[in-house]
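Student: Could we go through this structure together, with the reasoning behind each term spelled out?
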Amino acid sequence: MEKLIISACICGAEVTKEQNPNVPYTVEEVVREAKSAYDAGAALIHLHVRWDDGTPTQSKERFQECVDAIRKECPDAIIQPSTGGAVGMTDLERLESTDITPTPEMATLDCGTCNFGGDDIFVNTDDTIVNFAKIMQEKGIKPELEVFDKGMIDTALKVADRKGLLNHPMHWDFVLGVQMTATVRDLVYMAESVPAGSTWTATGIGKTAWDIAAATIAMGGHVRVGFEDNLYLSKGVLAKSNGEMVAKAVEIAKLLGRPVATPAEAREILGLAPLK
Ligand code: KMH
Ligand code: ZN
């Protein structure tokens with residue numbers, strides 16, 4: 001089986017220090033969390049940034065500052081900025097994270113609109129998807145196609161792939177437990193719905209995180225863990241760091257006999273150019 005890429009979603013835009021005091025806001029905290037994940041075995045850091053008071057931002061300057069600081073501590077990690085940002089941000093704001101230098105190797109591309117809890121709607125119209133895909137293709141950024149249900153896979157294929165805006169093989173991220181439920185059946189359905197040759201990562205939100213991680217590792221997919229998706233190491237036990245969660249994923253992989261990919265191996269699996 002292919003080596004396992006572990007992605008760490010260290011911060012997110014929604015979780016707060018009130019929920020877990022270890023959620024990072026400041027640049028120093030973001031670097032601390034990225035390093036803990038990288039040291040534990042994460043090859044890829046999925047990055048959101050915040051202002052010091054915790055407010056989510058897509059500010060190009062804040063991304064630049066955080067990426068530069070992470071790069072010093074995690075020299076070869078794949079750093080993947082979010083273009084999802086937070087609910088309510090404009091497309092232009094969201095795209096700022098792709099304007100840093102050097103141009104990111106990857107970024108997320110969200111493939112549909114969904115309910116995001118309470119009154120919140122995370123809006124990704126067909127035009128948004130096409131526009132983001134075009135910009136990423138022009139800039140040579142590999143999209144991680146974030147899909148929250150099977151319909152978003154169909155949307156990505158219909159509105160962007162058919163126009164030639166998605167290079168193959170594609171890489172997907174199944175975010176289960178927001179709009180779609182997060183069972184092993186859901187995971188299998190998603191994995192069987194992407195085009196042949198695709199690679200995929202999966203994550204389960206909240207208490208579904210570890211079941212989805214274990215099933216994904218057993219199925220040969222790649223796994224995402226971290227504060228953005230889940231704050232607990234186990235039932236009732238808050239994680240002290242993203243590194244603790246990555247270490248747990250490494251442990252599950254070890255028990256299942258699945259070797260973990262280094263950043264260089266992850267680049268090869270994802271079809272990214274080796275780091276210069
Ligand atoms: N914070 C969510 C509204 C992404 O990173 O691309 C969007 C999100 C997806 O987290
Ligand atoms: Zn995200």
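Tutor: In this predicted model, G220, which comes just after helix 7, takes a positive phi of about 100°.

Student: What makes helix 6 oblique to helix 7?

Tutor: The axes of helix 6 (residues 184–191) and helix 7 (residues 209–219) come within 10 Å and cross at roughly 40°. Angles under 35 degrees count as roughly parallel and 65 to 115 as roughly perpendicular, so with its crossing angle helix 6 is oblique to helix 7. The crossing of the two, helix 6 passing helix 7, is right-handed.

Student: Which residues make the contact of helix 6 with helix 7, and how do they divide into nonpolar, polar and charged?

Tutor: Helix 6 contributes V184, L187, V188 and A191, while helix 7 contributes I212, A215, T216 and M219. Seven of these residues are nonpolar, one is polar and none is charged. Val, Leu, Ala, Ile and Met are among the residue types that count as nonpolar, whereas Thr is not listed there or with the charged types, and therefore counts as polar.

Student: Which residues of helix 7 are buried, and what do they pack against?

Tutor: Buried means under 20% relative accessible area, and in helix 7 the buried residues are A209, W210, I212, A213, A215, T216 and I217. They pack against several elements, including helix 6, strand 10 (171–176) and helix 8 (242–255).

Student: Which residues coordinate the zinc ion (ligand 2)?

Tutor: The zinc ion (ligand 2) is coordinated by H46 (NE2), H48 (NE2) and E228 (OE), at 2.1 to 2.2 Å, and donors are counted within 2.8 Å of the metal. H46 lies in strand 2 (residues 44–47) and E228 in the loop between strand 12 (222–225) and strand 13 (232–234), so the pair ties together parts that are 182 residues apart in sequence.

Key:
Residues are numbered from 1 along each chain as its sequence is written. Chains are lettered from A and ligands numbered from 1 in the order in which they are written. This is a predicted model: local features need pLDDT of at least 70, side-chain atom pairs count only at pLDDT 80 or more; totals for chains, interfaces and linings use all residues. Side-chain values use heavy atoms; hydrogens and water are left out. Donors are N, O and S atoms within 2.8 Å of the metal (3.2 Å for Na, K and Ca); water is not among the atoms, so sites may look incomplete. Helices (H or I, at least four residues) and strands (E, at least two) are DSSP runs, numbered from the N terminus. Axes are lines fitted to C-alpha atoms, for helices over the stretch in contact, and angles run from 0 to 180 degrees between N-to-C directions. Angles under 35 degrees count as roughly parallel, over 145 as roughly antiparallel, 65 to 115 as roughly perpendicular and the rest as oblique. A crossing is left-handed if the near helix is turned anticlockwise from the far one by less than a right angle, and right-handed if clockwise. Contact means heavy atoms within 4.5 Å. Buried means under 20% relative accessible area, exposed over 50%, partly exposed in between (1.4 Å probe, protein chains only).
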